[in-house]
Amino acid sequence: MNFYSSLIARCAHTKSLTTLRTVHTNIIKSGFSYSLLAHKLIDAYIKCGYLAEARKLFDDLPNRHVVTWNSMISSHVSHGKSKEAVEFFGNMLVEGVLPDAYSFSAIFKAFSELGLRRHGQRAHGLAVVLGLEVLDGFVASALVDMYAKFDKMRDAHLVFDRVLEKDVVLFSALIVGYAQHGLYGEALEVFEDMVNRGVKPNEYTLASILISCGNLGDLVNGQLIHGLVVKSGMESVVASQTSLLTMYSRCSMVEDSIKVFNQLDYASQVTWTSFVVGLVHNGREEAAVSIFREMIRCSISPNPFVLSSVLHACSSLAMLAVGEQIHAITMKLGVDGNKYAGAALINLYGKCGNIGKARSVFDVLSELDVVSINSMIYAYAQNGFGHEALQLFERMKKLGLVPNGVTFISLLLACNNAGLVEEGCQIFASIRSNQNIELTRDHFTCMIDLLGRSRRLEEAAMLIQEVRNPDVVLWRTLLNACKIHGEVEMAEKIMRKVLELSPGDGGTHILLTNLYASAGKWNQVIEMKSTIRDLNLKKSPAISWVDVDREVHTFMAGDLSHPRANEIFEMLHKLIEKVKTLGYNPDTRFVLQDLDEEKKRSSLYYHSEKLAIAFALWKTIGRTTTIRIFKNLRVCGDCHSWIKFVSHLTGRDIIARDAKRFHHFKGGLCSCKDYW
DNA sequence: GTAGGGTTAG
């Protein structure tokens with residue numbers, strides 16, 4: 001008996017299941033009544049992680065003691081089998097065995113995991129009746145944790161208050177609860193209380209409290225707690241390090257977060273992830289990509305968090321090639337159906353103008369939610385696919401998902417970029433009647449742009465009246481519409497309004513100058529230019545860039561600085577002569593200087609977007625790849641027409657992303673259907 | 001003889 005007993009104990013200690021089974025068989029063979037050893041066997045099977053066998057023994061056991069019930073309950077909870085744990089708990093009550101502190105501390109977690117709120121409350125009542133609620137720290141902290149997970153922070157705090165001897169775990173459970181509900185100030189208050197009472201925080205407490213400081217942007221407390229981490233010797237604990245790093249990056253102290261990272265002996269997957277996320281948060285996209293690469297080199301498998309984050313970095317830099325590599329990694333890991341990674345991929349392809357690929361990512365998503373559909377609607381919107389965006393909105397409604405503010409902004413943008421005025425008006429009306437969506441300035445701006453550009457200027461002006469504090473952007477949107485339709489008088493009125501709001505607004509002066517120029521009012525142009533000079537307003541220069549073979553080349557108008565300028569200009573001249581025979585006629589209305597016709601024409605020829613395209617075509621002669629160019633301002637009308645001819649002439653697809661949207665040129669046509 | 005809380009994302 002003692003012999004077997006110690007054998008079982010050894011198996012449990014070394015977690016060797018095979019030996020345990022041999023011992024078990026031998027006990028049966030020896031004809032030994034093993035009911036005396038059964039408890040030990042159950043315990044050993046649990047320690048070896050073999051719950052099925054433990055259960056078999058347990059089911060055959062006569063007189064089951066509360067300790068064995070507890071073992072069955074807690075082992076099932078910790079193996080993620082909360083449903084079974086709840087069944088054990090119920091059966092235990094049916095058999096008339098009273099639960100003790102051990103049973104409660106395990107079972108509350110099962111309830112919260114299964115979302116069984118009423119069960120949890122009933123069990124809480126029983127714990128109160130049995131006098132176990134607040135006397136045992138384990139029970140109380142499990143209760144606090146359960147209520148926090150049920151979003152009942154008030155109940156959590158009430159239980160907490162009733163406990164007389166509060167230990168570090170109880171404090172931490174409440175702090176974590178507050179922090180996870182975004183109540184960082186409350187978390188800090190509890191932490192302060194804890195320190196005042198002389199309860200020493202541990203790594204769990206510190207991790208949560210650092211996150212709270214970070215999210216509050218409270219660098220002072222953050223640094224204080226950093227000191228505490230060092231003092232309590234918790235510096236080398238992965239979670240403390242990760243939270244420290246996150247705290248510094250949320251407080252915009254990137255350099256400090258880099259310092260923390262560089263001092264690590266070992267970084268876990270979560271640490272790498274936090275670091276990359278922090279860099280992206282702080283606009284350090286390139287650093288984020290290179291850290292991500294290092295992570296891969298260190299054989300750390302990336303999770304959807306870091307993939308999503310680094311993909312966002314790629315989209316904001318329009319690094320399509322790198323993004324595609326990461327897409328490949330995502331597929332290899334089999335997480336391309338993950339909604340976070342998927343939304344980031346859709347965003348990437350949308351921002352790089354590859355709507356087909358965005359859609360194919362969307363189609364393999366394993367779970368559709370509002371955000372993932374929003375990403376796809378936004379991608380369609382940016383690229384001028386209005387009808388497709390609207391169709392997706394219908395699908396969203398059919399799936400029973402509730403559209404949010406972002407959905408409506410994307411839909412209005414989609415209508416705007418596709419010139420779908422009536423549809424846009426309908427969407428706007430449905431936002432008005434939707435109780436759950438607040439009409440924001442962005443919604444108005446979009447709508448005013450849509451109406452204004454389709455010459456419904458009066459309606460657009462009426463709409464502005466509804467906005468409480470119309471800002472410069474809003475007025476400038478209307479001004480832009482006036483410019484498109486040559487409405488000088490209205491524009492002048494608006495100009496006065498804008499200058500009241502913001503006397504030195506450069507963009508407005510430039511818009512009005514351009515309007516006078518396109519209306520041929522050169523005297524006013526000269527006047528405006530001198531005002532601009534007096535105000536010392538600078539017009540941001542037009543820049544276009546193009547990514548050829550993973551190298552970015554930048555061009556300004558008439559730019560001779562490129563090392564291959566000769567070849568580029570030669571190519572450009574050839575292109576211009578050829579497209580002229582196809583019907584291209586330089587449109588000098590887009591030259592905003594008072595020059596003679598010939599000079600106006602030649603100033604058009606050297607616009608930055610034309611140079612970028614000529615370069616890309618020269619560099620990729622003989623290939624059929626799509627050319628992608630980017631421009632910091634809106635693409636010029638003459639260039640737009642020229643690019644259409646070039647796409648027809650060369651048979652190449654050209655995608656231009658300007659400050660506002662995408663243009664896909666193919667076979668002499670543009671996806672915007674000349675409406676932008 | 002059994003038990004508690006943490007760090008990463010649109």
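Trainee: How are the residues of the surface near DNA strand B divided by class in this predicted model?

Mentor: That surface holds 16 nonpolar, 20 polar and 9 charged residues.

Trainee: Which residues come nearest to DNA strand B?

Mentor: Asp167, Ser172, Ala239, Arg250 and Tyr340 do, out of the 45 residues around the strand. On the side of DNA strand B, sugar and phosphate make up 31% of the atoms within 4 Å of the protein.

Trainee: What makes the approach of Ser141 to a base nitrogen of DNA strand B a polar contact?

Mentor: A polar side-chain atom of Ser141 is 2.9 Å from that base nitrogen. The cut-off for a pair of N or O atoms is 3.5 Å, so the pair qualifies. Thr242 offers a second case, with a polar side-chain atom 3.1 Å from a base oxygen of DNA strand B.

Trainee: Why is the pair formed by Ser274 and DNA strand B called a polar contact?

Mentor: An N or O atom in the side chain of Ser274 is 3.5 Å from a sugar or linking oxygen of the strand. The pair counts because the criterion is N or O atoms within 3.5 Å.

Trainee: Which helix gives the most to the surface near DNA strand B?

Mentor: Helix α11, residues 168-180, does so with 6 residues.

Trainee: How do you know which residues carry the annotation "repeat: PPR"?

Mentor: The unreviewed UniProt entry assigns it to residues 65-99, 167-201, 268-302 and 369-403. In the model, residues 167-201 are 74% helix and 0% strand, with end C-alpha atoms 10 Å apart. For residues 369-403 the values are 74% helix, 0% strand and 10 Å between the end C-alpha atoms.

Conventions: Residues numbered from 1 in each chain as written. Chains lettered and ligands numbered in written order. Predicted model: local features only at pLDDT ≥ 70, side-chain atom pairs only at ≥ 80, totals over all residues. Heavy atoms only, no water. Near = heavy atom within 4 Å. Polar contact = N/O pair within 3.5 Å; in protein donor to acceptor, adjacent residues only side chain to side chain. Helix = DSSP H or I, 4+ residues; strand = E, 2+ residues; numbered from the N terminus. Nonpolar A, V, L, I, M, F, W, Y, C, P; charged D, E, K, R; others polar. UniProt positions renumbered as here; feature names shortened; annotations may be inferred.
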